[in-house]
Structures are given as structure tokens and as C-alpha cells.
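Hi everyone, thanks for making time for this. Let me put the structure up on the screen, and then we'll walk through a few spots together.

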Amino acid sequence: MKATKIYTLLALLLMAGGVTMQAQTEDDFWMGIDPPTTGVYSLIEDADGNIIVGATGVYNSSDDGATWSLIGLDDIGVLCLYEHTDGTLLAGTNRYHSLYKREAGSTEWRYLPVPIIDNGVSLGVTPDNSLLLGTWGSIWKSTDWDTIWSNVWVSNGGACEVTDFLKLDNGTMLASVEDHLAMGEGGLFRSTDNGDTWENIGLTNAAILCLAKNSHDVIYAGCNVDFTSGLLRSTDYGATWQEFLPYQCVQGIAVDNNDVVYVNLYCNGWGVPWGVYRSADNGETWESLESGMPNKMVIGLHLSNDGYLYAFGQYDNQIYRSRKSVYEEFQIDVVACPENGGTAIGSGTYHFGEFANLSATANENYQFVGWTNQDGDTISTDPEYAHMVARGGQITAHFLSTESVDEAEEIAITVYPNPSGNTLNIRTALQNSCVEVYDLTGKLVCNQEITENIASINAESWPSGVYVWKVYTTGVSTGSTTLAETGKWVKE
């Protein structure tokens, strides 16, 4: 659990009885799980797939939260949990003895002789498999996970809380420190020597509560509401940062194997409600995951090995679990339109956040125009396109015939600007001509005469996407209409 301030609004909500629970359905993203007790601070999954919860005591469930067993520390607030690869379980607590240990196969807990009387707030493991303990104002390191401890960082006296640790693929360790009294000791700290020494690399006023990374070592930092942005992202190991989710409080981050990012927003700002959100594009856009979660005051997230997402709340006294694995499969069907216009590949089953590599090849006398999704919206004009999968359905590759029914001679037709935002201009030397414009679903959106060799079409109200234009000429003596030329135009 990443400790934080309890705000007046939260207190008022709790005094009022919170939000009334609503009936859940099978279509909801979340399902509620009765917690083992009030005040859930932490949640992890052990090697056997059991869910372990830290509250006042440590509880275990082997049936996805249907039943719980108390496994120790029943009178102690357990702020953080960690399981060693050998099955040893560690619990950071809010008691004088900050860290407790239960050996694999044992039911007994004993406190470890960390030479400090303080809360055990966070736990981490270095590349050389040493244990790190974060407390209020210090970081401690143990090479034997038991009796040998060294103080590797200490604050200058400010009320600083070491909230989280993160190990990067390049061997670097990061530690986040929240400075509650603005004494200048907060920020992001980095160690390149297995946690023996630490340097402050910035974000001193960000009040970082949690850290996470994706498979490419893109770093995410969740911040307290005191900072202007709730989520920070770095693609260069912390040298520079981009800001997302302004005036929010991000207390939990999870990243799945497809690099989809999940965060919980704890404080309301800029009209964004509390709850859990998901981003499949590294934080650029977000989708609310609210269905089935009537009470959204969650403080932490955990993603199980098989892709079930858990959200838990210290104040909500509730645990939520996604009804389905976030690695749920979606069927994508890729088709060509018209069927004889070319070939389109990329059909298959994909997980949420995976990329479907789409490829379109035009047949003779056809050209590729663009891709549309299940709603008919243009998603790309590139024949080779990596499409991020967020749902199932049909994706269509559109092809345009390049054959004219007129005799094969080049006719000078100019279309400009292309692409454009609001205006489509078509200039031609043809006499008695007109232009028709279609969207990629085949709907006619414009039919206009070309006068004085130019047609200027107002496309301001059209949706962004790819459009097909066709210029026709009418014979004066015969009155027959002939297709002169066709092509594509892109509205930005």
C-alpha cells in the first residue's frame, strides 16, 4: 500500500455511507469479492496462484476470493507483501518491528532484525537478489534476507516516505520517495550498483506513489494530487518525462504483457471520475473500466499471472476482480472490397492490446485506398499497417479501379490540397463534366457540376478519413456519361 493523505471529500463520502452498491451483470468488466476484513492495504499472488491480502493480518485465498484464511499477524497492519522465489513470504508492517518473515512451508512469522523502528512501506529486490526495504526516511538492504542489514539511503530529516521500488532490464534500480513536508528530499532515486548507493535524478515535487514499466523499459510514475499531473512517462530511463492525467492522483499502476497500462485515479479533477482506466497507447488515450465497480475508491492494482486484474481499496473495504482475463481473445476478420480488387491479410485471434499486422496488395487495374474498421471509420491509408486490437470485428481493405471506360488517354485532372481539412478542389480541362465523391462504405456524399474547369467542394462537415472521387464527362451529341478518371482524397 502506498500511504497517502485522507482528504476531506473522502471523509464526507464515508460519513454519508459511500455509494450504494448496484446489481452486477455478466457483461460488467468487474466482479466484487468480499474482502477478508476491513482496510485492505496490499494484494499479491503467490507462486501457486493463491491471492494473499495484507490488511490487519495476512489472509490467503485459493479460490479467487470466495473464501479466506487468516495466515498470521492478525493484530498488525500489513502495508506491503513480497514472496521470494523459494516461497518465503515477507510483510512490511506499521508496527515497531517493520518487517516480518514466514519461511516456505512454515506457519510461523518472526520479525527481522532491521536496525530501525519504523513502518515497512515498500519492498524490492536488486539485480544481485538482495532485499530492499523502504521506510519513512530510509532504505535498508539485506544480502541474506534476514540478519545482515545496511542503511543505504537516509533523508535529511524531512517527512519522506519510500513508496516503491522498480528494477529495470538494464540493471538499474529506481526508488520513489514522497516528501510530505516539501523539504526537498522527495523525488526519484536511482542506483546502478545493486542498491548500495542512490542519487536523486529529479521529480522532487512530484510526490511519487508508485512505479511500473513496460517490456521496453518505458517507465511510469504515479503521482499524488499535489503534483499537476497524475501520471508521468519516461522513454529514456528517467532523463525526461511526459505528463498525463492532469490534477489526478494515481496510486496504482499495472502493465500487462501487451504493454497495456492500467491505473487507478483516486482524486477527482478536471471532471475525470475516480476509478480504473486503461491505455493501449502508452498513456495517450484512456478508457474507463467502471462497469461493475460502483464504489471506485480503490488504492491499488494487481495483475495476476493469468491476466486477471485486481483492484482493492483501503477505504472502500472492497476487492474487485476482472470477470475475464485481460488477455481475452478477439477475432479479427480482414476482407477486401471489392473482392476482385486485391488481397488483404491479417485475419486471426488477438488479445487486447496486441497488434494485427495488416497487409493489402492491389490486383492489376486496381489501387489500394485505405482501411476501415467495424464502424466504417478510416483507420489508415497505408497498405502495411499495424492495427492495435481492442475488440473483435471486421476490418476492410478498400481498392479502387484504375480503369476508365473512356479510351486510354491521359486526361489532366488535378486534386488539391490533398490531404486537406475542409476543402476539396478538382480542376480539369474536360468540358461538360461533374464529380462524385464517396466514402469508403460506398455512400455518395457529394455530386457537383464542374463549372469553368473547377469544382470547389466544402468538406468541413465530413468525418476525417479517405474518400473516393470520380470525374465524369457527358458527350454533347450522344448525351452518354463516361467515367474519365478516379482517385482518392484524404480529409484530415
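Asn365 sits in the loop between strand S30, residues 355-362, and strand S31, residues 366-372. Please keep in mind that this is a predicted model. What is the sign of phi at Asn365? Phi there is positive, near 70 degrees, and this residue is not a glycine. As for its surroundings, Asn365 is partly exposed, with 34% relative accessibility.

Now let's turn to Ala207. This residue also has a positive phi, about 50 degrees, although Ala207 is not a glycine. You'll find Ala207 in the loop that links strand S15 (199-200) to strand S16 (208-213). Is Ala207 buried or exposed? Ala207 counts as buried because its relative accessible area is 10%, and the cut-off for buried is under 20%.

On to the cis peptide bonds. One of them runs from Cys337 to Pro338, with omega near -5 degrees. Pro338 lies in the loop between strand S27 (329-337) and strand S28 (342-345). Another cis bond joins Tyr416 and Pro417, and here omega is about -25 degrees. Pro417 belongs to the loop between strand S35 (413-416) and strand S36 (423-428).

That brings us to this pair of strands. S35 and S36 form a hairpin, with six residues between them. The two run antiparallel and are joined by four bridges. If you'd like a landmark, look for Ile413, which stands opposite Thr428 in S36.

How do the side chains along S35 point? They alternate: Ile413 and Val415 face one way and are buried, whereas Thr414 and Tyr416 face the other way and are not buried. That fits the general rule that side chains in a regular strand alternate between the two faces of the sheet.

Last stop, a sheet further along the chain. Four strands make up this open sheet, in the order S38-S37-S40-S41, and their pairing is antiparallel. Its edge strands are S38 (444-450) and S41 (481-491), each of which pairs on one side only. On average, neighbouring strands in this sheet are turned by 20 degrees against each other, ignoring direction.

Within that sheet, how many bridges join S40 to S41? There are 10 between S40, residues 465-474, and S41, and these two strands run antiparallel. A handy marker for this pairing is Lys470, which stands opposite Thr486 in S41.

That's my tour, so thanks for listening!

Conventions
Residues are numbered from 1 along each chain as its sequence is written. This is a predicted model: local features need pLDDT of at least 70, side-chain atom pairs count only at pLDDT 80 or more; totals for chains, interfaces and linings use all residues. Side-chain values use heavy atoms; hydrogens and water are left out. Buried means under 20% relative accessible area, exposed over 50%, partly exposed in between (1.4 Å probe, protein chains only). Two strands pair if DSSP finds at least two bridges between them. Axes are lines fitted to C-alpha atoms, for helices over the stretch in contact, and angles run from 0 to 180 degrees between N-to-C directions.
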